[in-house]
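Please open the model in your viewer and keep the selection tool at hand. The tour below goes from stop to stop, saying what to select and what is found there.

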Amino acid sequence: MSDTPKKGWFQRLSEGLSRSSKQMTEQVVSTFVKEPLSEEALERLEEHLIESDLGPAASARIVERFRALRFGKESDEREVKEALAEAVAQELLPRQAKFDPLGGTKPYVVLFVGVNGSGKTTTLGKIASDLTAKGAKVMIVAGDTFRAAAREQLKVWADRAGAHFESRRDGADAAGLAFDAYTKAKAEGFDVVLIDTAGRLQNKSTLMDELLKIVRVLKKVDADAPHETLLVLDATVGRNALEQEKIFGRTAYVSGVVMTKLDGTARGGVLIPVAQASDAPIKLIGVGEGVEDLQDFDARAFSRSLVGLED
Ligand SMILES: Nc1nc2c(ncn2[C@@H]2O[C@H](COP(=O)(O)OP(=O)(O)OP(=O)(O)O)[C@@H](O)[C@H]2O)c(=O)[nH]1
Ligand SMILES: [Mg+2]
């Protein structure tokens with residue numbers, strides 16, 4: 001549908017989050033409209049928030065803020081949503097940061113980590129397309145040497161983006177590939193190096209060992225590399241994302257979180273406890289499979305979309 005006008009990013013975000021916001025609107029907002037806000041209603045709100053995967057701690061704080069804004073008042077739907085969005089935004093504002101690969105160091109090395117299927121390769125591909133469109137010289141490194149299909153999938157993204165592609169045969173040492181690719185990128189003046197990694201190896205400790213080995217060899221080229229390690233988490237797994245954050249966050253020196261598949265789920269609220277649990281801020285969100293569906297994380301816009309508010 002090439003004659004469809006290009007959608008604004010907020011509209012993409014809202015469409016992506018529509019399943020989450022629908023749940024929020026139907027189950028939460030509707031119960032507060034046209035009755036003075038009572039203790040009982042606030043308890044119900046807290047239960048709904050916990051059921052929406054926001055977690056007990058954040059839910060309690062959001063309810064407190066919401067109470068301060070609206071207690072004893074009758075509200076129309078818009079006022080309820082505005083107050084709820086503000087209460088959620090206060091949770092997330094300290095947890096947002098910008099992914100800025102073109103801001104300084106060259107080449108800027110970005111490592112993508114996360115369990116299998118979380119969206120590492122797709123996210124990397126979307127970023128590559130965005131960067132080449134901005135005129136950057138981008139190298140993609142197929143650090144998932146475990147599966148042939150992984151290399152093929154990444155090659156498609158590299159071709160689409162017009163990015164340089166470095167790979168090796170199956171079963172090759174991923175760290176060796178990463179080291180050689182980074183050395184080459186440095187010599188040849190690349191702006192950004194995007195390194196994909198395997199989401200599944202023989203077992204969890206092999207996976208972590210391999211990630212740490214990749215980090216170690218990159219540091220031989222530049223002690224500050226990788227300049228960004230993005231942990232990619234799938235929102236559709238709900239609170240299991242918290243477990244993944246714990247494992248990777250502890251061992252892989254994560255510097256930013258990407259939350260993907262916010263479009264495929266009613267569990268978008270899980271971003272809130274993840275943001276709180278993580279040492280690293282949320283930097284990007286995925287709201288669809290297309291190149292335009294990766295967005296900078298904007299706490300306020302996310303909060304407004306989550307409760308079903310327009311721009
Ligand atoms: N709807 C939707 N799908 C997404 C999003 N991000 C990724 N996907 C899909 O999720 C699936 C898995 O994504 P991959 O990028 O292959 O995941 P991965 O982490 O590289 O997986 P492994 O290589 O197996 O470790 C693909 O079908 C993607 O198209 C998103 O934001 N929204
Ligand atoms: Mg992959």
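**The strands of the sheet**

Begin by selecting strand E1 (residues 108-113) together with strand E4 (residues 192-195), for the two run parallel and are joined by four bridges. Strands here, like helices, are DSSP runs numbered from the N terminus, a strand having at least two residues and a helix (H or I) at least four, and two strands pair if DSSP finds at least two bridges between them. This is a predicted model, in which local features need pLDDT of at least 70 and side-chain atom pairs count only at pLDDT 80 or more, while totals for chains, interfaces and linings use all residues. Residues are numbered from 1 along each chain as its sequence is written, chains are lettered from A and ligands numbered from 1 in the order in which they are written, and side-chain values use heavy atoms, with hydrogens and water left out.

Within this pair, Leu 111 stands opposite Ile 195 in E4. Now add strand E5 (residues 228-234) to the selection: E1 and E5 also run parallel, joined by four bridges, and Val 113 stands opposite Leu 231 in E5.

Is E1 mostly covered or mostly open? Strand E1 is mostly covered, since six of its six residues are buried, where buried means under 20% relative accessible area, exposed means over 50%, and partly exposed lies in between (1.4 Å probe, protein chains only). In a regular strand the side chains alternate between the two faces of the sheet. Show the side chains of E1, and you find Tyr 108, Val 110 and Phe 112 on one side and Val 109, Leu 111 and Val 113 on the other, all of them buried.

Strand E4 can be viewed in the same manner: Val 192 and Leu 194 lie on one side, Val 193 and Ile 195 on the other, and all are buried. Next select strand E2 (residues 138-141), which pairs with E4 in the parallel sense over four bridges, with Val 138 standing opposite Val 192.

**Along helix H5**

Move on to helix H5 (residues 77-92) and pick Glu 77 and Lys 81, which are four residues apart and thus separated by about one helical turn. These two form a salt bridge, their closest N and O atoms being 3.0 Å apart; a salt bridge is a side-chain nitrogen of Lys or Arg within 4 Å of a carboxyl oxygen of Asp or Glu. Glu 77 is partly exposed at a relative accessible area of 38%, whereas Lys 81 is buried at 10%.

Which side chain meets that of Glu 82? Select Arg 304, whose side chain meets Glu 82 in a salt bridge of 3.0 Å, N to O. Glu 82 lies in H5 and Arg 304 in helix H12 (residues 299-306), so the pair ties together parts that are 222 residues apart in sequence.

Further along H5, Ala 89 is buried, with 1% relative accessibility. Measuring from C-alpha to C-alpha, you will find Ala 89 and Ala 299 to be 5.8 Å apart in space, although they are 210 residues apart in sequence. In the loop between H5 and E1, select Lys 98, which is exposed at 56%; the C-alpha of Lys 98 is 6.8 Å from that of Asp 296, and the two residues are 198 apart in sequence.

**Other charged groups**

Return to strand E5 and select Asp 234, which meets Lys 261 in a salt bridge (3.2 Å, N to O). The pair links distant parts of the chain, 27 residues apart, with Lys 261 in the loop between strand E6 (256-260) and helix H11 (271-277). Here Lys 261 is partly exposed at 32% relative accessibility, while Asp 234 is buried at 8%. Select next Arg 12, Glu 292 and Asp 293, which are joined into one network by salt bridges that share partners. How many salt bridges does a search of the whole structure find? The search finds 24.

The last stop is helix H3 (residues 39-51), where Glu 47 lies, partly exposed at 48% relative accessibility. Select Glu 40, Glu 43, Glu 47 and Glu 51 together, and you have a negative surface patch. Patches are made of residues with over 30% relative accessible area and no salt bridge, like charges being joined within 9 Å and nonpolar side chains (Val, Leu, Ile, Met, Phe, Trp, Tyr) within 5 Å.

Definitions and conventions
Areas by Shrake-Rupley, 256 points an atom, 1.4 Å probe, with all protein chains shown as cover. Lys, Arg positive; Asp, Glu negative; His and termini not counted. Charge placed at Lys NZ, Arg CZ, Asp CG, Glu CD.
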